[in-house]
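Q: Could you walk me through this structure, starting with the ligand and then moving on to the strands?

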Amino acid sequence: MKMAINHKIIKQALTIRRVEEKFLDLFSQGKLNGTVHTCVGQEFSAMAFAAQLEKRDFIFSNHRCHGHYMAFTDDVRGLLAELLGKASGTSGGIGSSQHLCRSNFYSNGIQGGIVPVAAGYALGNKLNKNGAIGVVFIGDGTLGEGAL
Ligand SMILES: Cc1ncc(C[n+]2csc(CCOP(=O)(O)OP(=O)(O)O)c2C)c(N)n1
């Protein structure tokens, strides 16, 4: 089977990798505001999901949310500023790595906590009849935690 190469997706996945590597570097220098969990190796899953979504759709992500955020919002500068604790960051510089909130994207590091929140958000959307799709990202280590 012949597969088309989508250069835009590859470029964005490489951007995600570079940003994550930069975060690891900055963290080891003690320059980040808070902790950092990267999504190195998971860049294409972020791109694959984001490519299927529209602006009205929404994502809830977990502690490894940077790639999902960049893929969905394209807001690399906001993410960089956020982890550096700057007011221009995604969450005003106070949320840091795990608490991103902008343009229908939300993240939280409490394992098992985002699924019921996303379900409530989806219910609100359903009541509004806007037809939005919601995606929740969890890892296998989250199964058995909280409402899961
Ligand atoms: C309620 C809760 N308990 C414990 C933790 C600590 N914790 C952080 S990451 C993690 C494991 C996550 O595993 P997984 O979802 O598979 O993601 P991975 O980090 O392995 O990619 C745990 C238990 C947490 N964040 N929230």
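What follows is a short chat about the ligand site, one loop residue and the sheet.

Q: Before the details, what kind of model is this?
A: This is a predicted model, in which local features need pLDDT of at least 70 and side-chain atom pairs count only at pLDDT 80 or more, while totals for chains, interfaces and linings use all residues. Residues are numbered from 1 along each chain as its sequence is written, and side-chain values use heavy atoms, with hydrogens and water left out.

Q: OK, which residues surround the ligand?
A: The ligand is surrounded by His-63, Arg-64, Gly-109, Ile-110, Gln-111, Gly-139, Asp-140, Gly-141, Thr-142 and Glu-145, where a residue is taken as near if one of its heavy atoms lies within 4 Å.

Q: And which polar atoms lie by the ligand's oxygen atoms?
A: A polar side-chain atom of Arg-64 is 2.7 Å from a ligand oxygen atom, and a polar side-chain atom of Thr-142 is 2.9 Å from an oxygen atom of the ligand; a polar contact here is a pair of N or O atoms within 3.5 Å.

Q: How much of the ligand does the protein bury?
A: Taken alone the ligand exposes 590 Å², and the protein buries 56% of that, with areas from the Shrake-Rupley method and a 1.4 Å probe.

Q: What about a ligand nitrogen?
A: A nitrogen atom of the ligand lies 3.1 Å from a polar backbone atom of Gln-111.

Q: Switching topic, where does Gln-42 sit?
A: Gln-42 is in the loop between helix H1 (7-28) and helix H2 (43-50); helices (H or I, at least four residues) and strands (E, at least two) are DSSP runs, numbered from the N terminus.

Q: Is Gln-42 buried or exposed?
A: Neither, as Gln-42 is partly exposed, with a relative accessible area of 38%; buried means under 20%, exposed over 50%, and partly exposed in between (1.4 Å probe, protein chains only).

Q: Now strand E1, what covers its two faces?
A: Both faces of E1 (residues 58-61) are covered, with Phe-58 and Phe-60 on one side and Ile-59 and Ser-61 on the other, all of them buried.

Q: Which residues does Phe-60 bridge to?
A: The bridge partner of Phe-60 is Val-136 in E4 and Tyr-106 in E3.

Q: So what is the strand order in the sheet?
A: The 4 strands form an open sheet in the order E2-E3-E1-E4, with mixed pairing, where two strands pair if DSSP finds at least two bridges between them. Strand E2 (101-102) and E4 stand at the edges, each with a single partner strand, so one side of each is left without a neighbour in the sheet.

Methods. Polar contact = N/O pair within 3.5 Å; in protein donor to acceptor, adjacent residues only side chain to side chain.
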